[in-house]
Amino acid sequence: MDLRLADKTAVVTGAGRGIGLAVTKALANEGVRVVGAARTLSPELKQFAAVAVSADLSTREGAEAVVAEAVSALGGVDIVVNNVGAGDT
């Protein structure tokens, strides 16, 4: 399927496994340059993401580092898929 996303840049959070990794793969297969952010960088993430960034996205510094890497490495961000969530217990 052609979603007309080729040559776009996406940041996918929680990209190390599960839904985030599946989104990373799907976008990469559509020709999107993906910045995959996760606490732990899996070999699979490194295979599909144009840039893989290890970051703690529960902190401001972690989120800023991901965006800075996307801008530095790929020139900007067109799409954001926020797949990281947390709840207070």
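**A walk through the model**

Let's start with Asp 7: this residue is exposed, with a relative accessible area of 59%. (Exposed means over 50% relative accessible area, buried under 20%, and partly exposed in between, using a 1.4 Å probe and protein chains only.) What you're looking at is a predicted model, where local features need pLDDT of at least 70 and side-chain atom pairs count only at pLDDT 80 or more, while totals for chains, interfaces and linings use all residues. Residues are numbered from 1 along each chain as its sequence is written, and side-chain values use heavy atoms, with hydrogens and water left out.

Back to Asp 7, which sits in the segment before strand E1. (Helices, H or I with at least four residues, and strands, E with at least two, are DSSP runs numbered from the N terminus.) The phi of Asp 7 is positive, about 70 degrees, although Asp 7 is not a glycine. Most residues other than glycine have a negative phi. Arg 4 does a similar thing: its phi is near 60 degrees, again a positive value in a residue other than glycine. Arg 4 also belongs to the segment before E1, and at 72% relative accessibility it counts as exposed.

Now for Glu 30, in the loop between H1 and E2. Does this charged residue sit buried or exposed? Glu 30 is buried, yet has no salt bridge. (A salt bridge needs a side-chain nitrogen of Lys or Arg within 4 Å of a carboxyl oxygen of Asp or Glu.) The nearest side chain of opposite charge belongs to Arg 4, 9.1 Å away. (For charge, Lys and Arg count as positive and Asp and Glu as negative; His and the chain ends are not counted.) Leaving out residues up to four places away in sequence, Glu 30 touches Met 1, Asp 2, Leu 3, Leu 5 and Ala 6. (Touching, or contact, means heavy atoms within 4.5 Å.)

Glu 30 has no such pairing, but how many salt bridges does the structure hold? There are three. Side chains of opposite charge can pair when their charged atoms come close. In one bridge, the side chains of Lys 25 and Glu 44 meet at 2.8 Å, N to O. That pair links distant parts of the chain: Lys 25 is in helix H1 (residues 18-29) and Glu 44 in helix H2 (residues 43-48), 19 residues apart. Lys 25 is partly exposed at 25% relative accessibility, and Glu 44 is partly exposed at 34%.

Another bridge joins the side chains of Arg 39 and Asp 56, at 3.2 Å from N to O. Here too the pair links distant parts of the chain, with Arg 39 in the loop between E2 and H2, and Asp 56 in the loop between E3 and H3, 17 residues apart. Arg 39 is exposed, with a relative accessible area of 59%, while Asp 56 counts as partly exposed at 31%.

There is also the bridge between Arg 60 and Glu 64, whose closest N and O atoms are 2.8 Å apart. Both residues lie in helix H3, four residues apart, about one turn of the helix. An α-helix has 3.6 residues a turn, so residues three or four places apart point the same way. Arg 60 is exposed at 62% relative accessible area, and Glu 64 is partly exposed at 43%.

Stay with H3 for a moment. Residues 60-74 make up this helix of 15 residues, and it reaches 21 Å from its first C-alpha to its last, close to the 21 Å expected at 1.5 Å a residue. (The expected span is 1.5 Å times one less than the number of residues.) Which residues of H3 are buried? They are Gly 62, Val 66 and Ala 70. Seen down the axis of H3, these buried residues fall within an arc of 80 degrees, so they line one face of the helix. (The arc is that of the directions from the helix axis to the C-beta atoms.) Strands E1 (9-13), E2 (33-38) and E3 (51-54) are among what covers them. Turned away from that buried side is a face carrying the exposed residues Arg 60, Glu 61 and Ser 72. After H3 comes Gly 75, with a positive phi near 90 degrees.

Finally, look inside. The largest nonpolar core has 10 residues in all: Ala 10, Val 12, Ala 15, Leu 21, Leu 27, Val 32, Val 34, Ala 38, Leu 45 and Ala 49. (Such a core is a set of buried Ala, Val, Leu, Ile, Met, Phe, Trp, Tyr and Cys residues joined through side-chain atoms within 4.5 Å.) E1, H1 and E2 are the elements that give two or more residues to this core. A second, separate core of eight residues includes Val 11, Val 53, Val 66 and Ala 70.

Notes. Expected span 1.5 Å × (residues − 1).
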